[in-house]
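Here is a short tour of one chain for you to follow with the viewer open. Please have a look at the sequence and the fold before reading on.

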Amino acid sequence: MARGELNQALTKAEKAEVFRAMQAEIRGSGHWYRCPNGHSYVIGECGMAMEQSRCPECGESVGGGHHALLRSNRRDEEMEALYRRP
Ligand SMILES: [Zn+2]
């Protein structure tokens with residue numbers, strides 16, 4: 001099984017768990033994105049892409065620069081929706 005498929009197999013409850021852990025870490029700020037292979041990650045502080053990094057799961061480039069997300073990345077609408085939940 002590819003790592004990407006493993007990530008896709010996460011249940012909503014598991015994602016909520018990851019979300020809570022990340023939320024504590026970033027203290028309630030930031031935005032969610034996905035790497036080219038679909039792994040969720042979060043950008044803290046202003047939530048905009050200010051620097052390029054590597055996905056901890058697959059090593060693909062994530063983030064961006066000057067508030068512009070890499071074209072290979074995308075917003076993670078699912079995690080954003082969880083994040084907005086009261
Ligand atoms: Zn990845």
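A residue is called exposed here if 12 or fewer other C-beta atoms lie within 10 Å of its own, and buried if 20 or more do. Keep that in mind for Ala 81, which comes up towards the end. Please note also that this is a predicted model.

**Overall layout**

The chain has 86 residues, and buried residues make up 17% of them. Three helices and six strands are present. Read from the N terminus, the elements follow the order α-α-β-β-β-β-β-β-α. Among contacts with a separation of 6 or more, 39% are between residues 24 or more positions apart.

**The sheet with β1 in the middle**

One open sheet has three strands in the order β2-β1-β6, with antiparallel pairing. Strands β2 and β6 (74-75) stand at the edges; each has a single partner strand, so one side of each has no neighbour in the sheet.

Strands β1 (residues 31-34) and β2 (residues 40-43) run antiparallel and are joined by four bridges. Within this pairing, Trp 32 stands opposite Val 42 in β2, while Arg 34 has Ser 40 as its bridge partner. Five residues lie between the two strands of this hairpin, and Gly 38 takes a positive phi near 90° there.

**The sheet with β4 in the middle**

The order β3-β4-β5 describes another open sheet of three strands, again with antiparallel pairing. Its edge strands are β3 (52-54) and β5 (68-69), each pairing on one side only. Two bridges join β4 (residues 61-65) to β5.

Here are the residue pairs across strands, side by side:

| Residue | Opposite residue or bridge partner |
|---|---|
| Trp 32 | Val 42 in β2 |
| Arg 34 | Ser 40 in β2 |
| Gly 64 | Leu 69 in β5 |

As general background for looking at such strands, side chains in a regular strand alternate between the two faces of the sheet.

**Ala 81 and the last helix**

Now for Ala 81, found in helix α3 (residues 77-84). Is Ala 81 buried or exposed? Ala 81 has 10 C-beta neighbours inside 10 Å, so this residue counts as exposed, given that the cut-off for exposed is 12 or fewer.

How far apart are the C-alpha atoms of Ala 81 and Trp 32? The separation is 9.6 Å, although the two residues are 49 residues apart along the chain. Trp 32 is the residue that stands opposite Val 42 in the hairpin pairing described above.

Note on methods. Residues are numbered from 1 along each chain as its sequence is written. This is a predicted model: local features need pLDDT of at least 70, side-chain atom pairs count only at pLDDT 80 or more; totals for chains, interfaces and linings use all residues. Two strands pair if DSSP finds at least two bridges between them. Two residues are in contact if their C-beta atoms, placed from the backbone, lie within 7 Å.
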